Amino acid sequence: IFNFSYADDKPIEGDKISNLGYELDVLALNYGVQFIISAGNHDLYRTQTSLEDILSDDDARIASPSDSMLNITVGAVVGQDHIGSLSKRYDVAPYSRIGPGFHGMRKPDIVAYGGTMLKTGKSPADDYSLMLAAGNRLACEAGTSFTAPVIAGDLAQISMAIPNRDIFLAKTLLYHGTDLPIDAGKNKVRRDEAAFYGDLYGRGLPRIEESMYSTANKVTFLHSGTMNKKHKQHVKFLLPKVCDDMDMSKRKAKIKVTVTCVTRSPIDSEKGTDYLQAYVSASIHSINGTGKMVSSNPSETDGRKKWDTCFHFEMPYSSFQSGDWEIWLELHSRYDVTDEQDIAYSLAITVEDLTQELNLYDSIVAEAQGRFPAVQMVRLPVRT
């Protein structure tokens, strides 16, 4: 994991990957590493009078190399309220660059809490701006250069809990456990707002506990592998029989399935907007009340964009039947990708009991009888 707190001072053009973004992608693809890249900063807060004016200015768009598609770009969210700040708590920081990214893709990928910046160029003191400067002095500073290392630490912490410290699978779990910082996640984002908030917050703020651990009523299944044009993949996960005890006559959602699939796509910088050469799509096949397996995907499509590196969605259910549900994976690739070329992917599937009345974890362990081995969790204090 490499922190890369650098960005150009000009926004990307958007239809061709930047030279540095491409080079970082090459390193990620060839060596299995991840660069955590700052989204970049701008000075629009000095001249604009509102955050809305800043967000609508083309000069606020992300800068090279944060258009990198195979690495992780980090923006900043204000962590505390301050008089004189154009951004309130949970808002995009007034200096943080935003999406869209290359070819309209969601950028930044994720955000972290940081300090804010006043029109004077000063950063007021709070829990997110204080840091040690030269000579062991306390200083106050803000910028995406300081939020990127937070995510690097989060990714490192998640990787410690995964067999072989698989960085690619850790990245999938990092995205899988995020939450949009809209009123601390309490408000539901409408479907027509999803793309707008994706350009501001990416996939949201990390929730390390959610990424690393299953609980009694929330269980995550992990899977990784490779695919080529000749094969499709059906990945099973279990809804235990205890779920059938729920009152299916009530229309209120009882369980929720969340799916995140990340593809390590080949790249070609000479292909312009066809830069990514492959992606893996995912669809849920559930068991309905009559025992029939049916496709049941959400209508919201912002997290299910074609030719993106991350395919993410969630689906609530009010009526269903227990058993082996499946995620069907399908590889989509450009013409130049050969039939035999293997494309790596990682998948996370979470089943959540929204009623919080069942013990899904123990029920799955008892019913599966070793079909889904538990991951041994090791927690290390990476982030201070």
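This report describes aromatic ring pairs, charges over rings, one pocket and one loop residue in a predicted model.

Residues are numbered from 1 along each chain as its sequence is written, and side-chain values use heavy atoms, with hydrogens and water left out. In this predicted model, local features need pLDDT of at least 70 and side-chain atom pairs count only at pLDDT 80 or more, whereas totals for chains, interfaces and linings use all residues.

**Aromatic pairs**

Rings of Phe, Tyr and Trp (its six-membered ring) are paired if their centres lie within 6.5 Å, and the pair is called stacked with planes under 30 degrees apart, edge-to-face over 60 degrees, and tilted for the rest. The count by this rule is 16 aromatic pairs. Two of these pairs are set out below.

| Pair | Centre to centre | Angle between planes | Class |
|---|---|---|---|
| Tyr 197 and Tyr 201 | 6.2 Å | 20 degrees | stacked |
| Phe 320 and Trp 325 | 6.1 Å | 75 degrees | edge-to-face |

Tyr 197 and Tyr 201 are four residues apart in helix 5 (residues 194-201), and therefore about one helical turn separates them; helices (H or I, at least four residues) and strands (E, at least two) are DSSP runs numbered from the N terminus. Both tyrosines are buried, a term that means under 20% relative accessible area, with exposed over 50% and partly exposed in between (1.4 Å probe, protein chains only). Phe 320 is buried at a relative accessible area of 4%, and Trp 325 is buried at 0%. Ring pairs also join Phe 320 and Trp 325 into a cluster with Phe 221, Phe 237, Tyr 317 and Phe 372.

**Charges over rings**

A charge sits over a ring if NZ of Lys or CZ of Arg is within 6 Å of the ring centre and within 35 degrees of the ring normal. The charged end of Arg 264 is placed in this way over Phe 168, 4.2 Å from the ring centre, while Arg 304 lies over the face of Phe 313 at 5.5 Å.

**Asp 91**

Asp 91 lies in the loop between strand 3 (72-78) and strand 4 (110-114), and with a relative accessible area of 17% this residue is buried. Apart from neighbours within four places in sequence, Asp 91 is in contact (heavy atoms within 4.5 Å) with Leu 51, Ala 76, Val 77, Val 78 and Tyr 201, the last of which belongs to the stacked pair with Tyr 197.
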